[in-house]
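This report describes the architecture and selected side-chain environments of one protein model. The sequence and coordinates are shown first.

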Amino acid sequence: SIGNISYSVENQVVFEVKGAAIFSRILMTQKRSPMCRTDLFSVLCGVDKTSYDVATTIAAMTNAFSFTVTGSLAQADGWFNQGVVVAASGVAIEIANWSQSTQTITTYLPCNRLLSAGDNLTLYPGCDKTLAGPNGCAKFSNQLNFQGEPHFLGTAAAAQQV
């Protein structure tokens, strides 16, 4: 039987297999995955998040899901997509979209009750779990640690229409 299932911050699953006879039959299997199976900045990924963190401050909250940041961040549109914004208080929110021209971050969930103008933030870029996409493994020069099928369109494939 399988029991005591737990999840880590890096989305790793830990569980116990119980039963005397089962230990002689446990086989390690690895399924093919169309996308990289590791999470950005996890141990298996190997990318150091401190090499990519960007400090900024919230200039204004534009609506429940969006805010602008101060300074001229030079990162291209989409650089922080699927990344994380961490406030000085420790609150972390996933980034849906980054627009360089307007210095605007949009989040998947409402952030207006957790963040406010003047808050100091640390931004971390995202990874779309592809090998060569503009926001994939190549963005971090980390192709050696890619753990997926290299000829897949990544998370964007789910939203495409035929």
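## Surface and overall composition

What does the accessible surface of the protein come to, and what share of this surface belongs to carbon and sulfur atoms? The accessible surface comes to about 10,200 Å², and carbon and sulfur atoms hold 56% of that area; such areas are obtained by the Shrake-Rupley method with a 1.4 Å probe, and for residues only the protein chains shown count as cover.

The model is predicted, so local features need pLDDT of at least 70 and side-chain atom pairs count only at pLDDT 80 or more, whereas totals for chains, interfaces and linings use all residues. Residues are numbered from 1 along each chain as its sequence is written, and side-chain values use heavy atoms, with hydrogens and water left out.

The protein contains 0 helices and 8 strands, where helices (H or I, at least four residues) and strands (E, at least two) are DSSP runs numbered from the N terminus. Along the sequence the pattern is β-β-β-β-β-β-β-β. Of the 162 residues, 30% count as buried, a class defined by a relative accessible area under 20% (exposed is over 50%, partly exposed in between; 1.4 Å probe, protein chains only). With contact defined as heavy atoms within 4.5 Å, residues 24 or more positions apart account for 55% of the contacts that have a separation of 6 or more.

## The barrel

A closed barrel of 6 strands runs in the order S3-S4-S7-S6-S5-S8, with antiparallel pairing. From one strand to the next the twist averages 45°; axes are lines fitted to C-alpha atoms, for helices over the stretch in contact, and angles run from 0 to 180 degrees between N-to-C directions. Two strands pair if DSSP finds at least two bridges between them.

Strand S3 is joined to S4 (residues 66-69) by 4 bridges in an antiparallel arrangement, with Ile 58 opposite Val 69. A hairpin of 2 residues connects S3 to S4. Another 4 bridges join S3 to S8, also antiparallel, and here Ala 55 stands opposite Thr 122. Elsewhere in the barrel, S5 (residues 84-87) and S6 (residues 92-99) run antiparallel and share 3 bridges; Val 85 faces Ile 93 in this pair.

## Trp 98 in strand S6

Trp 98 is found in strand S6. This residue counts as buried because its relative accessible area is 1%. Leaving aside neighbours within four places in sequence, Trp 98 is in contact with residues including Val 69, Leu 73, Trp 79, Phe 80 and Ile 105.

A polar atom of the Trp 98 side chain lies 3.3 Å from the backbone oxygen of Ala 76. A polar contact is a pair of N or O atoms within 3.5 Å; within protein, one must be able to donate a hydrogen and the other to accept it, and residues adjacent in sequence count only if both atoms are side-chain atoms. The C-alpha atoms of Trp 98 and Pro 125, 27 residues apart along the chain, are separated by 9.6 Å.

## Asp 39 and its partners

A search of the whole structure finds 1 salt bridge, that is, a side-chain nitrogen of Lys or Arg within 4 Å of a carboxyl oxygen of Asp or Glu. Lys 129 forms this salt bridge with Asp 39, with 2.9 Å between the closest N and O atoms. The pair links distant parts of the chain, 90 residues apart: Lys 129 lies in the segment after strand S8 (120-124), and Asp 39 in the loop between strand S2 (13-17) and strand S3 (54-63).

Ser 42 also lies in the loop between S2 and S3, and its side chain reaches the backbone oxygen of Asp 39 at 2.8 Å. Ser 42 counts as buried, since its relative accessibility is 5%.
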